[in-house]
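Thank you for making room for this at the meeting. I would like to walk through one structure slowly, and to keep to what can be read from its atoms.

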Amino acid sequence: MIPFDWVEPASLKEAVSLLDADDSTVRPISGGTALMLMMKPGFFVPSRLVSLAKIEADYSSIRAGGDGSLRVGAMTSLAELERSAAAIVNFPVMKGALQTLSNIRVRNVARVGGALAHGDPHMDLPPLFATLGARVSVVGPDGTRDIAVEDLYLGYYQTVLKNNELIAEAIVPPLNGARAAYKKITSRSADDWPALNMGVRLEMADANTIKAARVVLGAASERVTRLAQTESLLTGAIVNDGLLKRVSESAAAEARFVSDAHGSAAYKRELLRVYLPRTIKEALS
Amino acid sequence: MSETRTIRFTLNGRPASAAIQSHHNLVELLHQLGLFGARESCGQGLCGCCTVLVDDVAVSGCLYLALGVNGKSVTTIEHLDESGTLSPVQQAFIEAGAFQCGFCTPGFVLMTHQLLKQNPDPSEDEIRHYLAGNLCRCAAYPEIVEAVRLAARTMKQARA
């Protein structure tokens, strides 16, 4: 790595003013674990890093709403989220997903806002939060805007966030009885980057009939993606082996797979075919 | 832009300062100060050889900018036996024979300290989960898990 300018703003507003809409070599840094991985081999060479450390205290709370929703400050560490009773009680699916996310040291340091803003499709938090229908509150020079997590990603490391916008908070809507499951499939160790990750959120009309479905795919494709055709197959359907087979074929045909070090596109397609029914069953179990 | 900056922090209980470059990481800072217990091995936060405690939280020193510890408290493996007595975790690693070459051992020992502080009586599954991000190329894993259990027992007896 080569030297860069380093600034430590004392407010979110000041942080935004120190970023530059037209200069991608000026970047915010929170936990920095993902950014360091890009800086060390020279994939990312910053001219200036805007440290968010001094505003951490203002944006690191986890608050459960009376309605079962959750508000997570962007500077909350992944470990704090993993240990948060409010998060786990309202969203049991988070616990397992976070426990196999990298390792405890990375979870101690990596922040929720950074994990959502980075745009690496292999990360767990974006598909997990997209599955749960979460939204983020984004602050820029012209004010605040609200974006669904599923709409954040345009492509590989590409997001709709401008260079001078910062995620301040994530809001996860209540499950309201919906069932959710998240699976991460790695081709090497359990805490490795995944070959495929997948989330399912099902609102049920009765024990066997699905009222509404969200199916989100990560890692296997170039960005976090909702599988809309597969969701419409599930909507209003009665869960049985025939449905699971049709859904699994639909998802395998609908998703766009990318080969990488964690698996070929063909392998990932097969993983999705096998794991989607398992994820649906886990959500309903 | 390339000028050095001076950071002030607490290092192993004592005030410290260092003139550093913006791009130096925490392992480089410690080496500059003559502490070599944290080693950069994988350089990607995967192996745990560079484990350091910052404000009593375990971090991978190789992914942590030295600038980030300004005003904070840093604890390294060197702190554990500064009194002249090995910590119960260090003693347990010796008694269980939980290493061969010892390169990964500082990281495992510091992680075990953190684990036992948060969870004084961990199950084998909890031990393996917590230490999943530490790699031992000599594959002393069974002995390491045994050392963690031994340390947990010793520390429990000491509390009784």
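What follows is a short tour of the contact between the chains, the salt bridges, the cysteines, a surface patch and two backbone angles.

Before anything else, please keep in mind that this is a predicted model, and that the values I quote are computed from it.

Let me begin where chain A and chain B come together. The size of an interface is often given as the accessible area lost when the parts come together. Here the area buried between chain A and chain B is about 2,200 Å², and carbon and sulfur atoms give 62% of that area. In terms of residues, chain A brings 24 to the contact, while chain B brings 30. If we look at the chain A side alone, Pro3(A), Trp6(A) and Arg105(A) together supply 31% of the area that chain A buries against chain B, which is more than any other three residues.

How many salt bridges does the rule find across the interface of chain A and chain B? There are two, and one that I can show you in detail is the pair formed by Lys40(A) and Glu40(B), whose closest N and O atoms are 2.7 Å apart. Please take care with the chain letters when you look for this pair, as it crosses between chains: Glu40(B) sits in the loop between α1 (26-32) and β3 (51-54) of chain B, and Lys40(A) sits in the loop between α2 (33-39) and β3 (48-51) of chain A. Both partners are partly exposed, Glu40(B) with a relative accessible area of 33% and Lys40(A) with one of 25%.

Let me now widen the view to salt bridges in general. Over all chains the count comes to 26 salt bridges, and two of those within chain A deserve a moment. In one of them, Asp260(A) pairs with Lys268(A), with the closest N and O atoms 3.1 Å apart. The surroundings of the two partners can be described in turn: Asp260(A) counts as partly exposed at 27% relative accessibility, whereas Lys268(A), at 0%, counts as buried.

In the other, the side chains of Glu270(A) and Arg273(A) meet with an N to O distance of 3.1 Å. Where do Glu270(A) and Arg273(A) lie? Both belong to helix α11 (residues 265-284) of chain A, and they are three residues apart, about one turn of the helix. Glu270(A) is partly exposed, with a relative accessible area of 39%, and Arg273(A) is also partly exposed, at 24%. Elsewhere, salt bridges that share partners join Glu150(A), Arg214(A), Arg226(A) and Glu231(A) into one network.

I turn next to the cysteines, which some of you may wish to ask about. A disulfide is a covalent bond between the sulfur atoms of two cysteines, and over all chains this structure holds zero disulfides. Why does Cys50(B) not form one? The closest cysteine sulfur, in Cys62(B), is 3.8 Å from the sulfur of Cys50(B), and that is too far for a bond, given that the cut-off for a disulfide is a pair of sulfur atoms within 2.5 Å. Cys138(B) is likewise in no disulfide, the nearest cysteine sulfur being that of Cys101(B), 3.8 Å away. As for their exposure, Cys50(B) is buried at 2% relative accessibility, while Cys138(B) is partly exposed, with a relative accessible area of 26%.

On the surface of chain B, Leu86(B), Ile94(B) and Phe99(B) make a nonpolar patch of about 240 Å². Of these residues, Ile94(B) lies in helix α2 (residues 88-95) of chain B, and at 45% relative accessibility Ile94(B) counts as partly exposed.

Finally, a word on the backbone. Most residues other than glycine have a negative phi, and most peptide bonds are trans. Tyr157(A) is not a glycine, and yet its phi is positive, about 60°; Tyr157(A) lies in the loop between β8 (153-155) and β9 (158-159) of chain A, where it is partly exposed with a relative accessible area of 32%. In chain B, Asp55(B) has a positive phi of about 50°, again without being a glycine. Asp55(B) is placed in the loop between β3 and β4 (57-60) of chain B, and it is partly exposed, with a relative accessible area of 43%.

Key. Residues are numbered from 1 along each chain as its sequence is written. Chains are lettered from A and ligands numbered from 1 in the order in which they are written. This is a predicted model: local features need pLDDT of at least 70, side-chain atom pairs count only at pLDDT 80 or more; totals for chains, interfaces and linings use all residues. Side-chain values use heavy atoms; hydrogens and water are left out. Buried means under 20% relative accessible area, exposed over 50%, partly exposed in between (1.4 Å probe, protein chains only). A salt bridge is a side-chain nitrogen of Lys or Arg within 4 Å of a carboxyl oxygen of Asp or Glu. Helices (H or I, at least four residues) and strands (E, at least two) are DSSP runs, numbered from the N terminus. Patches are made of residues with over 30% relative accessible area and no salt bridge: like charges are joined within 9 Å, nonpolar side chains (Val, Leu, Ile, Met, Phe, Trp, Tyr) within 5 Å. Accessible areas come from the Shrake-Rupley method with a 1.4 Å probe; for residues, only the protein chains shown count as cover. Contact means heavy atoms within 4.5 Å. Buried area is the accessible area (1.4 Å probe) that two parts lose on being put together, summed over both.
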